[in-house]
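Trainee: I'd like to learn how to read aromatic pairs and surface patches in a model. Could you walk me through one?

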Amino acid sequence: MEQLFTIFLLIIAAPSVYGFVEGLYCGTENCYDVLGVTRESERPEIARAYRSLARKYHPDKYKGEDAGEKFQSIATAYEILRDEEERENYNYMLDHPEMVYSHYYRYYKKRVTPKVDPKIVVAVSITVISLIQYFSWWSRYHSAIDYLLVTPKYRLKAMDIAKKEGLLNNNAKKRGRRKKEEIKAEEDKMLRKVIEENADIKGGYSKPKVTDILWFQLVFLPMTIAKYIYWWLSWIWRFNICGQELGLEEKHYLIRSNFNISQSQYESIEEHEKDVFLRRQLWIKANHVVYKAEKEEEMKTKMAESAKYKSYRRYMKNHGTGRMTFED
């Protein structure tokens, strides 16, 4: 009984002992022996051995019963030994026959992992993101134009501009007997062009620029960093060391920083509000804190006067927040 158990263990361990595992590389054969080369053989020698054996054992010439299997094993051995990484993994298996699971991992990782340069993957990913950015910005921009086109206030203003430029008069002469739908479509097209040329759309709905996409941002990143460092050092020198007075641009920058909003968000604020910021000197932190507190108090007052808010407060006072009890 003990002898049978020992034989069973030897059978299981045999692939690990000799480094040949069925389903990996050349199976139970040695790839070097299949091609008749050694581990020291260079790629040209391996290629010559393969061509010689391929001509000899090609199914069109070799008529043995194992012709297909023989030719396949030769081709497999060559595919493994001609690839430097594959050959290195195979040699590792020969030198470490006990690491069976590691060999499976190395072998199938080579075949499952896409053979694509990581640089290409990164470049394609950045390109896709850049395209999505650009077209999404265009979509938002067109949405803004569509909104201005159907809003009476802006549509009338666009029509006034069109009349001054003589666009509507020319359009009226060309009407003739055309359908109302055609005339309306042509008028909308003309007004859209007027709005695009004259509307000052800022913020997230502004007209997209190619220089804003990710590709350009990455390409010009070193220049952007250099400009920022120069600007920061210049700011320290001019205002902290030399004590110069702040200019209009610097005041707007500090106001935006105090509000903690982005450049596009700040640009979307109406000009009369920015004038208020300047009059209240909100670039000074203390003034900004006072202004913010005033606005919060003003908002509370408006909400307190709102009928809907009063109703909500009564409900919260009587019922509280939503809750569940066993009685429910």
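Trainee: Let me start with one residue: does phenylalanine 239 count as buried or exposed?

Mentor: Keep in mind that this is a predicted model. The general idea is that a residue under 20% relative accessible area is called buried. Phenylalanine 239 comes in at 12% relative accessibility, so the label here is buried.

Trainee: And which label does tryptophan 235 get, buried or exposed?

Mentor: Tryptophan 235 is buried, since its relative accessible area is 14%. Both tryptophan 235 and phenylalanine 239 sit in helix α12, residues 221-241. They are four residues apart, about one turn of the helix.

Trainee: How many aromatic pairs are there?

Mentor: You look for ring centres within 6.5 Å of each other. By that rule there are 15 aromatic pairs. Take tryptophan 235 and phenylalanine 239: their ring centres are 4.8 Å apart and the planes stand at 65°, so this pair is edge-to-face. Ring pairs also link Tyr228, Trp231, Trp235, Phe239 and Tyr253 into a cluster.

Trainee: What about phenylalanine 277 and tyrosine 291: how do their rings sit?

Mentor: Planes over 60 degrees apart count as edge-to-face. The planes of phenylalanine 277 and tyrosine 291 are at 85°, with ring centres 5.9 Å apart, so that pair is edge-to-face. Phenylalanine 277 belongs to helix α15 (residues 271-279) and tyrosine 291 to helix α16 (residues 285-305), so the pair ties together parts 14 residues apart in sequence. Both phenylalanine 277 and tyrosine 291 are buried.

Trainee: Now the surface. Which residues make the nonpolar patch?

Mentor: For a patch, you want residues with over 30% relative accessible area. Here Leu218, Leu221, Ile225, Tyr228, Ile229, Trp231, Trp232 and Leu233 make a nonpolar surface patch of about 770 Å². Helix α12 gives the most to it, with seven residues. Leucine 218, on the other hand, is in helix α11, residues 214-219. At 38% relative accessibility, leucine 218 counts as partly exposed.

Trainee: So Tyr228 and Trp231 turn up in the ring cluster and in the nonpolar patch. Which residues form the negative patch?

Mentor: Glu29, Asp33, Glu65, Asp66 and Glu69 form the negative surface patch.

Trainee: Where is aspartate 66 placed?

Mentor: Aspartate 66 is in the loop between α3 (43-57) and α4 (67-82). With a relative accessible area of 35%, aspartate 66 is partly exposed.

How values were computed
Residues are numbered from 1 along each chain as its sequence is written. This is a predicted model: local features need pLDDT of at least 70, side-chain atom pairs count only at pLDDT 80 or more; totals for chains, interfaces and linings use all residues. Side-chain values use heavy atoms; hydrogens and water are left out. Patches are made of residues with over 30% relative accessible area and no salt bridge: like charges are joined within 9 Å, nonpolar side chains (Val, Leu, Ile, Met, Phe, Trp, Tyr) within 5 Å. Accessible areas come from the Shrake-Rupley method with a 1.4 Å probe; for residues, only the protein chains shown count as cover. A salt bridge is a side-chain nitrogen of Lys or Arg within 4 Å of a carboxyl oxygen of Asp or Glu. Lys and Arg count as positive and Asp and Glu as negative; His and the chain ends are not counted. The place of a charge is taken as NZ of Lys, CZ of Arg, CG of Asp or CD of Glu. Helices (H or I, at least four residues) and strands (E, at least two) are DSSP runs, numbered from the N terminus. Buried means under 20% relative accessible area, exposed over 50%, partly exposed in between (1.4 Å probe, protein chains only). Rings of Phe, Tyr and Trp (its six-membered ring) pair if their centres lie within 6.5 Å; planes under 30 degrees apart count as stacked, over 60 as edge-to-face and the rest as tilted.
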